[in-house]
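Welcome to a short set of worked exercises on a single chain with a ligand. Keep the viewer open, try each task yourself, and then follow the solution step by step.

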Amino acid sequence: MRQKLGFALAGAVFALLITTIWMPRPATAEPIKLSYANFPPAPTFPCVQMERWKEEVEKRTGGQVAIDTYPGGTLLGAKNMMDGVMAGQADIGCLCMAYQPGRFVITNGTSLPLGLPNAKVGSLTLWHLYVKYQPEAFSKVKVLTMFTTAPSNIMSRIPIRNLEDIRGVSLRASGGAAQILKAWGANQVGMPMPATPEALQKGVVKGLFSSLEVMKDFKFAELCKYVTMTETAVYPFAVVMNMDSWKRLPKDVQKVMDDLAVEQCQWTGKYMDDHVDEAIAWSKKTQHVEIIELTKDEKAKWDKLLAPITAKWIEVWKAKGLPAEGIVEDMRAFARIYAGQ
Ligand code: 3IO
């Protein structure tokens, strides 16, 4: 009798053990963990949009996914973002295409002097360009969204009011924006945004050419007391995911991310545009920054120097086999459509 009871007890314990080990876990118990790398500091716009995307995905998947964000280049930096994501060092990464212009030729077309009026139009133009051309450069990753900055302006420690003032002045820019600075006669210095505060501090450069929200977010207004309004050249960005990490995701999670792509693009464009306005007001009010508007005659001279850039780009890339004319036509058409909305 006692032996029988012992066997029964052992059997029950065994059964319990087996069921706890083999029991299928409910999907909500263990969220899928994803790492998301970003290169600039947390308060800047690429990281603000990252946190927004993370929150939306976690919410819309009902907690099936948990995303760990790594701002400030703590996981991957400005120039190894794409390769790092492809190698699986991070599941997701946010990159600025201007830092590798030869790698992202088609999408960097958005940084030509096309007159994209703001970040919202720029972002939608970029996204639809990507969707239409599906560039080879992104074939080994899953593209989650894209967006651009607002048009670039010159932030400098010295006033720049005309072409004589800019000639030979060391100014920082990357990619298409760098070509524009060169055309105006500046001594263009290339480096990613996170390297710029030190270069400005040390006097390696006298200013930079980018979207104006950085006056506040990087506190450039403390050193750069002048802004010359040029309103040209946006910087294009992409958020990419490691292809294996993407393929491992359940279909419903993939759908949440796909459905968010264009919405995130638009959200970021709007955030950028609003934040630029706020940063300009802050720079004027608290940092006594002078906003310089070029005179009409002067502006005409600056624009004239940019006129050959797009034609030259078409010529060079057409010769290398890209449908360069069509790309430019499409960007102009997308910009007209989204500017009208
Ligand atoms: C940028 C990059 C990182 C953080 C904030 C930013 N605002 C505008 C940019 C554009 C850019 O990549 C650059 O290098 O000017």
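**Exercise 1. Which backbone oxygen lies 3.1 Å from a polar atom of the side chain of S174?**

Before starting, keep in mind that this is a predicted model.

Step 1. Find S174 in the loop between strand 6 and helix 6.

Step 2. Search around its side chain for the backbone partner: the oxygen belongs to M191.

Step 3. Look for a side-chain partner as well. The side chains of S174 and R172 are joined by a polar contact of 3.5 Å.

Step 4. List the wider surroundings. Setting aside residues up to four places away in sequence, S174 touches A98, Y99, M191, P192 and Y235.

Step 5. Decide on exposure. S174 has a relative accessible area of 7%, so this residue counts as buried.

**Exercise 2. Determine which residues are closest to the ligand, and which polar atoms pair with the ligand.**

Step 1. Start with the surroundings: 17 residues surround the ligand, and the closest are C96, Y99, R172, S210 and E213.

Step 2. Take the oxygen atoms of the ligand. One lies 2.6 Å from an N or O atom in the side chain of Y99. For the side chain of S210, the distance from an N or O atom to a ligand oxygen is 2.8 Å.

Step 3. Turn to nitrogen. A nitrogen atom of the ligand is 2.7 Å from an N or O atom in the side chain of E213.

Step 4. Consider how much of the ligand is covered. On its own the ligand has 350 Å² of accessible area, and the protein covers 100% of this.

Step 5. Place the ligand among the cavities: the space it takes is the largest cavity.

Two of the residues met here also appear in Exercise 1: Y99 is touched by S174, and R172 shares a polar contact with S174.

**Exercise 3. Work out which residues of helix 6 are buried and what covers them.**

Step 1. Select residues 175-183, which form helix 6.

Step 2. Pick out the buried ones: G175, G176, A177, A178, I180 and L181.

Step 3. Identify the cover. It includes helix 5 (163-166), strand 6 (170-172), strand 7 (187-189), strand 8 (207-210), strand 9 (226-232) and helix 11 (296-319).

Step 4. Check what follows the helix. Just after helix 6, G185 takes a positive phi of about 95°.

**Exercise 4. E231 and A233 have positive phi values without being glycines. Are they buried, partly exposed or exposed?**

Step 1. Locate E231 in strand 9. Its phi is near 50°.

Step 2. Locate A233 in the loop between strand 9 and strand 10 (236-242). Its phi is about 65°.

Step 3. Apply the cut-off: buried means under 20% relative accessible area. E231, at 40%, therefore counts as partly exposed. A233, at 5%, therefore counts as buried.

**Exercise 5. Describe the setting of N118.**

Step 1. N118 is in the loop between strand 3 (92-96) and helix 4 (119-133).

Step 2. With a relative accessible area of 25%, N118 is partly exposed.

Step 3. A polar atom of its side chain lies 3.2 Å from the backbone nitrogen of K120.

Step 4. Leaving out neighbours within four places in sequence, N118 contacts P151 and D273.

Step 5. Finally, compare sequence and space: N118 and T232 are 114 residues apart along the chain, while their C-alpha atoms are separated by 9.3 Å.

Definitions and conventions: Residues are numbered from 1 along each chain as its sequence is written. This is a predicted model: local features need pLDDT of at least 70, side-chain atom pairs count only at pLDDT 80 or more; totals for chains, interfaces and linings use all residues. Side-chain values use heavy atoms; hydrogens and water are left out. Buried means under 20% relative accessible area, exposed over 50%, partly exposed in between (1.4 Å probe, protein chains only). Helices (H or I, at least four residues) and strands (E, at least two) are DSSP runs, numbered from the N terminus. Contact means heavy atoms within 4.5 Å. A residue is near a molecule or strand if one of its heavy atoms lies within 4 Å of it. A polar contact is a pair of N or O atoms within 3.5 Å; within protein, one must be able to donate a hydrogen and the other to accept it, and residues adjacent in sequence count only if both atoms are side-chain atoms. Accessible areas come from the Shrake-Rupley method with a 1.4 Å probe; for residues, only the protein chains shown count as cover. On a 1 Å grid over the protein atoms alone, a cavity is a set of points where a 1.4 Å probe fits but cannot get out, and a pocket is an open set with protein on both sides within 12 Å along at least five of seven lines; lining residues have an atom within 4 Å of a point. A molecule sits in a cavity or pocket if more than half of its atoms lie within 2 Å of its grid points.
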